[in-house]
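Visitor: I've got a model open and I'd like to know where its labels come from. Can you walk me through it?

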Amino acid sequence: MAATAGFGFSFPAADPVGNIWVANQAQSALLQISPTGSVLSTTTITTGLPRGCAVDGLGFVWLANQGFAGNCVKVDSTGTIVATFLPPSTSFTTVSIDGNGDPWVFGFSSGKAIKLWQVDATPLVTVPLPS
């Protein structure tokens, strides 16, 4: 299996065993790539446009999906989606893991504000955009 070159590869993250995970917007997928360059798994994303990913200390990959149906998915080491989180009115662009191992997603809402969310909680910070 080979990755298609071109538009849409973004925000790679490394897991604890050295594999690279990368969002592929062109194919609406999350790719797991071995240290030797082989594609180990392709996870199809059916809602939103895959954007940014991060790997937590347990090896789970967190993927932020942008778009009207934006969400954040949790993926295990085999490429299987094990959970989907849908905070309201937000289109996500990237995700990061804090020092406690908690995932945080960054996004925007209706083009009027930037939001930072802890994946399973309410917004921590809302920053209005200048008019």
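Visitor: How many disulfides does the structure hold?

Guide: Zero. This is a predicted model, by the way. To count as a disulfide, two cysteine sulfur atoms must lie within 2.5 Å, and the structure has zero such pairs.

Visitor: What makes Cys53 and Cys72 buried or exposed?

Guide: The cut-off for buried is a relative accessible area under 20%. Cys53 comes in at 7%, so it is buried. Cys72 has 1%, so it is buried too.

Visitor: And how much of the chain counts as buried?

Guide: Of its 131 residues, 43% do.

Visitor: What is the secondary structure of the chain?

Guide: Zero helices and 12 strands. Going along the sequence, you read β-β-β-β-β-β-β-β-β-β-β-β.

Visitor: Where does β7 sit among its sheet neighbours?

Guide: It belongs to an open sheet of four strands, in the order β5-β6-β7-β8, paired antiparallel. The edges are β5 (49-55) and β8 (81-85).

Visitor: Why are β5 and β8 called edge strands?

Guide: Because each of them pairs on one side only. As for the twist, neighbouring strands in this sheet are turned by 25° against each other on average, ignoring direction.

Visitor: How do you know that β7 pairs with β6 and with β8?

Guide: Pairing takes at least two bridges between the strands. Strand β6 (residues 61-66) and β7 have five, in the antiparallel sense. Strand β7 (residues 71-75) and β8 have four, also antiparallel. Both pairs therefore meet the rule.

Visitor: Which residues face each other across those bridges?

Guide: Between β6 and β7, Trp62 has Lys74 as its bridge partner. On the β8 side, Val73 is partnered with Thr84, and Cys72 stands opposite Phe85.

Visitor: What links β7 to β8 in their hairpin?

Guide: Five residues lie between the strands, and Gly79 takes a positive phi near 95° in this hairpin.

Visitor: Why is β7 said to be largely enclosed?

Guide: Four of its five residues are buried, so the rest of the structure largely encloses it.

Visitor: What makes Lys74 a charge over a ring?

Guide: One condition is that NZ of the lysine lies within 6 Å of the ring centre; it must also be within 35 degrees of the ring normal. The charged end of Lys74 is 4.2 Å from the centre of the Phe60 ring and sits over it. Aromatic rings also pair with each other: a search of the whole structure finds one aromatic pair.

Visitor: How do you know that Leu63 is buried?

Guide: Its relative accessibility is 0%, and the limit is under 20%, so Leu63 counts as buried. You'll find it in strand β6.

Visitor: What is Leu63 in contact with, beyond its neighbours within four places in sequence?

Guide: Its contacts include Ala23, Leu30, Ile45, Cys53, Cys72, Val73 and Val95. Being in contact takes heavy atoms within 4.5 Å. Thr93 is 30 residues from Leu63 in sequence, and their C-alpha atoms are 9.1 Å apart.

Visitor: How many of the chain's contacts with a separation of 6 or more are between residues 24 or more positions apart?

Guide: Those account for 30%.

Terms used
Residues are numbered from 1 along each chain as its sequence is written. This is a predicted model: local features need pLDDT of at least 70, side-chain atom pairs count only at pLDDT 80 or more; totals for chains, interfaces and linings use all residues. Side-chain values use heavy atoms; hydrogens and water are left out. Rings of Phe, Tyr and Trp (its six-membered ring) pair if their centres lie within 6.5 Å; planes under 30 degrees apart count as stacked, over 60 as edge-to-face and the rest as tilted. Buried means under 20% relative accessible area, exposed over 50%, partly exposed in between (1.4 Å probe, protein chains only). Helices (H or I, at least four residues) and strands (E, at least two) are DSSP runs, numbered from the N terminus. Axes are lines fitted to C-alpha atoms, for helices over the stretch in contact, and angles run from 0 to 180 degrees between N-to-C directions.
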